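Work through the three exercises below. Keep the structure in view as you go.

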Amino acid sequence: MAEMQKIGVLYSNSVGGRPLNVDFKKLEKLIAGDGGSFAYYGEVPDLLVEGSEGRLAEVMKSRGLDGIVLAAGSARTLGERLPILAPGVGREQVTFVNILDHCTGAHEDAAVRERKACALVRMGLARQRVMSTIEKDKLEVFDAVAVVGAGPAGLSAASWLADRGRKVVLLESGNGLGGMASCEKDVAALISKVEASDAVEVLKEARIEEVRGNKGSFTLSIVKQGGKRVEREVGAIVVSTGLAYPPGNEEEPWISYAKLDKRRREAPGDLPENLGFIADPEVVGELVAQHAITVATGLAADHGKHSFIFMGDVPVRGESGQSNYEAALMAGVRFFRPDARGVKVEVKDAKAIVKGLDIILKQDFAITCDLIVTGERPRVSDGSRQAAEVLRLAVEDDAFLQPGNITYLPTYTTRQGVLIAGAAGTEAPTPLAMRGGRLAAIEADAILGEGTISIGAGDVEIDQAACAACLTCFRICPVGAIGVSVDRKVPRISDVDCRDCGICAAACPQRAIKNFLTPELAILEMGRACLKPAPPDGPVVLALCCARSGYAAADAAGELGLPIPENVRVARVPCAGIVSTNVIFGLLNLGVDRVMVVGCPIDNCQNKHGSNLARRWVETCRDLIANLGGDANSVSFHPIASNMPHLFAQRAAEAARRGKDDSRRPS
Amino acid sequence: MKYGLFPGCNMPAIRPDVEHAIRLTMPALGAELVDLEGYVCCPAFGTFPSMDEDAKLAVNAWNLSIGEEKGVDLMVECGSCFSSLKMGHEHICHSEAKMKRVAELLEVTGKKYEGKNTVKHITDVLYHDVGLDRIRKAAKDRYKGVHMVVQYPCHTLYPSAQVGFEETPGKPRILADLVEALGATVDHYGCEYQCCGGAGGFHRAAHEPAMEFARSKLDSIRNETKAEAIVVSCITCLMFLDKVQKDLNEADGSEKYAIPVFDYNQLLALSMGFPRDQVASIAFVDRSDFISKYTG
Amino acid sequence: MIALGENSLEMYKDVSQEEDFKFCMTCGICIAGCPASRADPPLLIRNLVRKVILGQEDDLLNDDTPWTCVTCSRCEEVCPQDVKPFEMGLAIRQWQCKNDETRLPPSLVELYKRGYTQAVDKSQELRAQVGMKDKLPTITEYPDLLEKYQKMLMQIEIIKANDYMFGG
Amino acid sequence: MTISGGSQPSADVLIVGGGVAGIAAAQALADRGLDVLLVEKQRRLGGKAAELACMATQQCRRCSACLLEDAIQALQGTRSVRIRLGTVVEEASRTGDTFQITVGPAKDVDTRVTPLHGVTPKSQERWKVSGVILCTGFDVFDASTRPFLGYGRSKDVITTLELDHILARNGDRGWDEGSGPPSKVAFVQCVGSRERKAGRGYCSQVCCSVSLRLAGKLAFLHPEMEIVVHYIDLQLQPRSVRSYHASLTKKVVFQQGVPGEIITPNEGGVIIRSVAEDGTAVEPVSFDKAVLAVGMVPSKETQKLGDMFGLKGGRFGFVSAGAPPVLAAGTCVFPRDIPGSIDDARDAADRLIRAISGNKEVAHG
């Protein structure tokens, strides 16, 4: 592949009006002199100035280039503009070398700037040479969306999709729509709309039994009313299974919110005088606690009841949180603020005495209430639990389905094509749940697109002969692209779902996963290239930086003009998680003195486990090196977010410093 | 500029030198003072305001009405008097019910109050009506380069919505600007906005804590500034910050606290050449060195 | 112990007709800058307001701390909820006086009899020493006004009810 | 998608403000085939979120500041978003379904910043648009208007945003400006929020989690540091904050009751008076630094633009969310966190698309 490719080096003298101050003519000789080879070397205009659209594509076409190394600004500012600069050119055909930030921004000395530029361009050439051109395929997708759960989120998703002309299969485990919010005005309107819509097929008392297929082409086996089984084909699935409010103690003087609401509606006059609400947000959650305030206020203001609320911190978030609290105070609702031990309830003569210690007055209180209104913290619903199982989604520690990792917000799950909406994902009041439904519907709509779906990666596959079926890849895939066939117990990678992060390939102990976009080879080639021209002083440090975090921080460091030592050579990798022990030892064998792996903070990786893997691999390497009597600090892991350029500069400076006195925490 | 001087009680009864300083300096600066015949206690917060709201407002109105009859605003030096009268004025003038109730109560006296005048603190008059230029001219830079600190009377600051006259409520600067108009340098210190602790029932009910409270302020002044004098414009601040230094020294068996305390008008009177035995003769902390050094 | 008696929940109406204090969210900012919060026992105005809201009548009646207020009104300035703690402090004093005549400040007698607590009328000697010859025009100089003033005060219920203090 | 006729440039939607919400709205519109004109006053995208530091300790603490960088990167690839930096909307008028917009160079912006993500016109431009989304963000409450808190009087009283700057600048050395890290730090919650008296009877939504993460970060960087958080009612949301709080209670003291006074001695440090554990007022306690958790207040820009586009009826001086073709999203409508602003902006974009797709052909439609 590599020998067939014609790769050119294109440079700009300025980026966004900022001059690069590098003698590119001289650089050409320097690169060639150091063993770099290229098919073409030439200038392009400033790519951030309007009018530069399409210029890269023109040059590539006229010179017959398969790939280019673009020596200009950062991938951060230029890379994502690629579709504009070079329409029709694939991401894999271009390697960005950020001269502006890593050379011009970081170094005052022209000679240093040029040496570094030379190394970076050579690294870029090395990388580009091993990249292969990938043909994109298109697959048909099913033109329907399954919405699981017909609460506020599900209804608004179904309604939105129906408006867009999409077919919707709306599954509801109960026999009515609207869930717990069916009485609310906005929700009631959605119910009638959805029920009247031809585009929405409503299946009541239905649940998914099995799901086959991938994003764009799921086949659902559904058990519906009366135990009948049906199959539906959908392109995307929206999970809006809500949350469950476990029934509280209903034995008087205890009463649930639902029962109290019923009594209030039917015979408000029969309600007793003194009502206590035990509703600490720490215990019952923010939603129930805020509900308690509203109910208590209504009873006090409209029915002249005495409402007592027992809670620690008053929940005042949301647009009306503080106003509702003030309304409660105004209506004469009395708040008691128990200490961390909470309250105890004693029942005497069918009345409840609520006891505790008020932290404001530092006095015990004993308040007699005729009724004690309670609700428990909402939990994951049965529907969510079941959907999670069938769809292979994780139930988070706090019993919700939305992954804690913020890069999945607000609708993505750990499985491609499966979206989360509303309170199933996170505790959400009705308006936010409805918004969640709409946002999930937008994503589902995008998946369905115009009937086809692009497949990016092409020929990623698992070598079945080498595979030991340990299922590491299956567990590690951040998007659920790897499935296991039930009979043969071997994993399979879905072309559709795979996002090309490559961490499965790096993690596979059998090295059985082939053909990733940026394979280890590219990194090793960059490692080889980064050694020349040798920096006059200090070890060669190769910083392998996650494109999303560390590399963006490195770019920003350059933008700010923070000094990055000459001997630190920064390379962009799609995810720190692909820098395995093999890669690290390979680089050290090539003569790289130190390897910095720079990734996202743990739990922030958009590939879920990537940064954690990177950290573990670095630790393994360090242990091995230390056991062999080497300098463990030659390998280090650094979680650095994209907005922490100063931190990157500090770490780069530390890594570049010669000597083994570096006693600071390395990873 | 014509004002009804409301002397209050502490000033004429205990520190008449301050009263005299005011009576001498203000007309010299163009602010004519008239007496309020038949005035009574403002009333102080520990009296009617602690017993009955109506009584409090009626007595406020009594005092205010004397000025109203003469067509003058009341000018007050004492912070408490100012606060009581000003808050009373606000309450009466912003509530029809209260205005009516006050009228009912005043009826038997033949007086009436319609809210046509208001109450001004003396620093407000000095700053906004007299103006810094006139003061600068009169004061002749006698205190050039002398470091001083100021004690703002809380009662003239809070609640700013009702009584305040500073441009930046809570970040007061009028008294400091007035002191600088005398040529002095005002040093700032951490506890600058802290109350003196001398008003209300605090130092009577809890003398020790009040002393300690004042100590923190005095220490802040001693440690953080080069102040040779504390300037106040409230008779309570004056009396308390003066007396408490003596008390602290007695309690400590030392002579650590000896910063002269002046009412602003006293400093002004001295720099304008009024005799010290008439305008600055009563104090616990000896002020004679200071006075001799700067104003002869 | 905080317990709610028959009339606890209505008690606040006796203390103040105003509504603002009900907005107290117990942030404590009023106490934190209060000079008298350093007294012993401390004046904790937030807690007093809370006791009013919770109707802790006995507790409040026996509480001396409202009387240690320095009246600086700082609490009023810093209160984010416009609770007007200072005025509540005065309202509590008034309520105490109404329910317990021994709370009435003895100064009431002087105020009634001569319009002043300080012996302003006897200050002439000291004033003369600093060069002021004119008499202060306080109400004691105008017996007819004093009479009217006393008549005005006698219209106030609490003063009339305790007129024995003035010795008839 | 451009409106034909005449040489005047046009776009489907004008977005005012290139912070978190503006970027998200632009992306959402572009994803569905609309042309967008994004006008940002500063010469860089990102707004206030660009000033935040990463709050990760050993692991991500979900501060979401990095979502901004992701969003900016993604936006670079959308051809149909025209970005004007260092630019403000000067005039707007409406005829039927069309708005005539005049944009021009902003005054008082930092011209040292190189505009990397868009162009900076030197003169006025006139645009035609069919819809508008205001994403003008918020102002930080000016803590110097609370003089008892000593802000502006002493360098040792800072805001949470300033602490973010310090952490961003000093990386994992945390908080040292020559003299080493402070040993005692106090956080003060609700500065400028929950103030009925000042017409701000609302919770600023984010400050509790912001302070919690900052306190956690400081405790992580400097395990020996004593940290106290003074609060009124801790709002432990979003959900990840709750467990974080539980794990922090060993290292950080959470104390109910906010300080009434922060004394700032000239020699440095702060002295804080607040309510003690036992409910009484504490003896003044010395700290090295006080960090004020300043709330979000409506920005002056927002008010001006709200008037220009007739967005009325917002609460507390914020603008209302509006109705197509003029909408507002993000923190100019009400305080929100970063994910909340993104979701809100996406939702607003969707509302606008659905409203104007009635008379326009939208992609995939």
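Two strands pair if DSSP finds at least two bridges between them. Helices (H or I, at least four residues) and strands (E, at least two) are DSSP runs, numbered from the N terminus. This is a predicted model: local features need pLDDT of at least 70, side-chain atom pairs count only at pLDDT 80 or more, and totals for chains, interfaces and linings use all residues. Residues are numbered from 1 along each chain as its sequence is written, chains are lettered from A and ligands numbered from 1 in the order in which they are written, and side-chain values use heavy atoms, leaving out hydrogens and water.

**Exercise 1. Describe strand S6 of chain A and its pairing with S5.**

Step 1. Find S6(A) at residues 94-98. Five of its five residues are buried (under 20% relative accessible area; exposed is over 50%, partly exposed in between; 1.4 Å probe, protein chains only).

Step 2. Sort the side chains. Val94(A), Phe96(A) and Asn98(A) point one way, and Thr95(A) and Val97(A) point the other way.

Step 3. Look across to S5(A), residues 67-72. The two strands run parallel and are joined by five bridges. Val69(A) sits opposite Thr95(A).

**Exercise 2. Place His89 of chain B in its surroundings.**

Step 1. Locate His89(B) in helix H4 of chain B, residues 79-93.

Step 2. Check the cover. The relative accessible area of His89(B) is 8%, so the residue counts as buried.

Step 3. List the neighbours. Leaving out residues up to four places away in sequence, His89(B) touches Leu64(B), Tyr113(B), Gly115(B), Asn117(B) and Thr118(B). Contact means heavy atoms within 4.5 Å.

Step 4. Add a distance. A polar atom of the His89(B) side chain lies 2.8 Å from the backbone oxygen of Asn117(B).

**Exercise 3. Describe how chains B and C meet.**

Step 1. Compare the chain pairs. Of the five pairs that touch, chains B and C have the most contacts. Chains A and B do not touch, and their nearest C-alpha atoms are 22 Å apart.

Step 2. Size the interface. Here 57 residues of chain C are in contact with 67 residues of chain B. The buried area is about 4900 Å², with carbon and sulfur atoms giving 68%. Buried area is the accessible area (1.4 Å probe) that two parts lose on being put together, summed over both.

Step 3. Count the salt bridges. There are three between chain C and chain B. One of them joins the side chains of Lys98(C) and Asp52(B) (3.9 Å, N to O). A salt bridge is a side-chain nitrogen of Lys or Arg within 4 Å of a carboxyl oxygen of Asp or Glu.

Terms used
A polar contact is a pair of N or O atoms within 3.5 Å; within protein, one must be able to donate a hydrogen and the other to accept it, and residues adjacent in sequence count only if both atoms are side-chain atoms.
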